[in-house]
Amino acid sequence: MNNFPPGFAHYPLYFDAAQQAELIAAVREGVKGAPFFVPRMPRTGTPMSVVMSNFGELGWVTDKERGYRYDPTHPVSGNPWPAMPKLLMDLWDDVTGYPVQPEACLINWYRDGSKMGAHIDNDEQDAKAPVVSISLGDPAIFRMGGPKRGGPTKGLKLFSGDVVVMAGESRFCYHSVSKVFYGESALVPKGGRINLTMRRVRPS
Ligand code: SIN
Ligand code: FE2
C-alpha cells in the first residue's frame, strides 16, 4: 500500500509537552474512580494485552459473556466514567469539524510487550463520525490497511503528542499497533504508551 486511505490524517506533535503532561494528569485522575481493567475477547475470554478505561458519557468495554459494547458505567466499580477533558473536546472540534460531540474516549495503556491486533472500529451507531486518536508516552508503529482483513498495510511511527484522524474511507479500514518502543519516553509515570481514542457512538 503506497498511500493511506482517503480520510486518514496525521498531525505530528499536535499536543506540546505541557499539554501531554496535562492529559496524563487527567488520565491519572480519571482512573482513580475508573481503574484500568483487563478487556477480554468475546466468547473465548482471552485477555487483550492492553489494559483500559474510558472518559465520557459512554465507555467501550468487552468481556467473555457480553462481548464488545458501550456502557455508561465502569464494569467493576459500576461508577460513571470520568468526564472528557476539555483539551480533548477542543481537539475534536478542531480536527473533525463534526457537528456533534464525541461521547466516548477509550484509554488504552500499552505496557511492555503490549500490541493491538488488526481490527475495524465498528461498534458505533454513528457511521459518519470520525475516530480521533491521541498518542502519549512511548512511540509505536501504527499500521493501516484496507477494508479487507489481511490486505497490504502501511506503517507510521506515532510519537507522544501525535494525533491521528480516521474519517471517510479510512474510518472502516483495518488498523493495528504492531510494536511499542517500550521505555523510550518518560511521560507515563509507570512506563509505556497511552492511546486515547475518541468516538461518537449514538446516531446524530
Ligand atoms: C486502536 O485502534 O484502538 C488503537 C490505536 C492506537 O493505539 O494508536
Ligand atoms: Fe481502533
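These legends describe close-up views of a predicted model, starting at ligand 1 and ending at a second pocket.

**View 1. The shell around ligand 1.** Eight positions are labelled here: Tyr 110, Met 116, His 119, Phe 142, His 175, Val 177, Arg 193 and Asn 195 surround ligand 1. By class, 4 of the shell residues are nonpolar, 3 are polar and 1 is charged. Three strands each supply at least two residues of this shell: S6 (116–119), S11 (175–180) and S12 (193–199).

**View 2. Polar side chains at the oxygen atoms of ligand 1.** Tyr 110 places a polar side-chain atom 2.6 Å from an oxygen atom of the ligand. For Arg 193, an N or O atom of the side chain is 2.8 Å from an oxygen atom of ligand 1. For His 119, the corresponding distance from a side-chain N or O atom to a ligand oxygen atom is 3.2 Å. Taken alone, ligand 1 exposes 260 Å². The protein buries 97% of that area.

**View 3. The largest pocket, where ligand 1 sits.** Ligand 1 takes up the space of the largest pocket. The volume of this pocket is about 590 Å³. Its lining counts 33 residues, and the closest to the pocket centre are Trp 60, Met 116, Gly 117, His 119 and Asp 121. Met 116 and His 119 also belong to the shell around ligand 1.

**View 4. Strands and residue classes in the lining of the largest pocket.** Strands S5 (104–110), S6, S7 (131–137), S11 and S12 each give two or more residues to the lining. By class, the lining residues divide into 17 nonpolar, 11 polar and 5 charged. Among these strands, S6, S11 and S12 also each supply at least two residues of the ligand shell.

**View 5. The second largest pocket.** This pocket has a volume of about 200 Å³. Its lining is made by Ile 24, Val 27, Arg 28, Val 31, Phe 36, Trp 109, Val 188, Pro 189, Lys 190 and Ile 194. Helix H1 (residues 17–33) gives the most to this lining, with 4 residues. The class count is 8 nonpolar and 2 charged, with no polar residues.

Note on methods: Residues are numbered from 1 along each chain as its sequence is written. Chains are lettered from A and ligands numbered from 1 in the order in which they are written. This is a predicted model: local features need pLDDT of at least 70, side-chain atom pairs count only at pLDDT 80 or more; totals for chains, interfaces and linings use all residues. Side-chain values use heavy atoms; hydrogens and water are left out. A residue is near a molecule or strand if one of its heavy atoms lies within 4 Å of it. A polar contact is a pair of N or O atoms within 3.5 Å; within protein, one must be able to donate a hydrogen and the other to accept it, and residues adjacent in sequence count only if both atoms are side-chain atoms. Accessible areas come from the Shrake-Rupley method with a 1.4 Å probe; for residues, only the protein chains shown count as cover. On a 1 Å grid over the protein atoms alone, a cavity is a set of points where a 1.4 Å probe fits but cannot get out, and a pocket is an open set with protein on both sides within 12 Å along at least five of seven lines; lining residues have an atom within 4 Å of a point. A molecule sits in a cavity or pocket if more than half of its atoms lie within 2 Å of its grid points. Ala, Val, Leu, Ile, Met, Phe, Trp, Tyr, Cys and Pro count as nonpolar, Asp, Glu, Lys and Arg as charged, and the others, Gly among them, as polar. Grid points are joined across faces, edges and corners, and a volume is the space filled by probe spheres set on the points.
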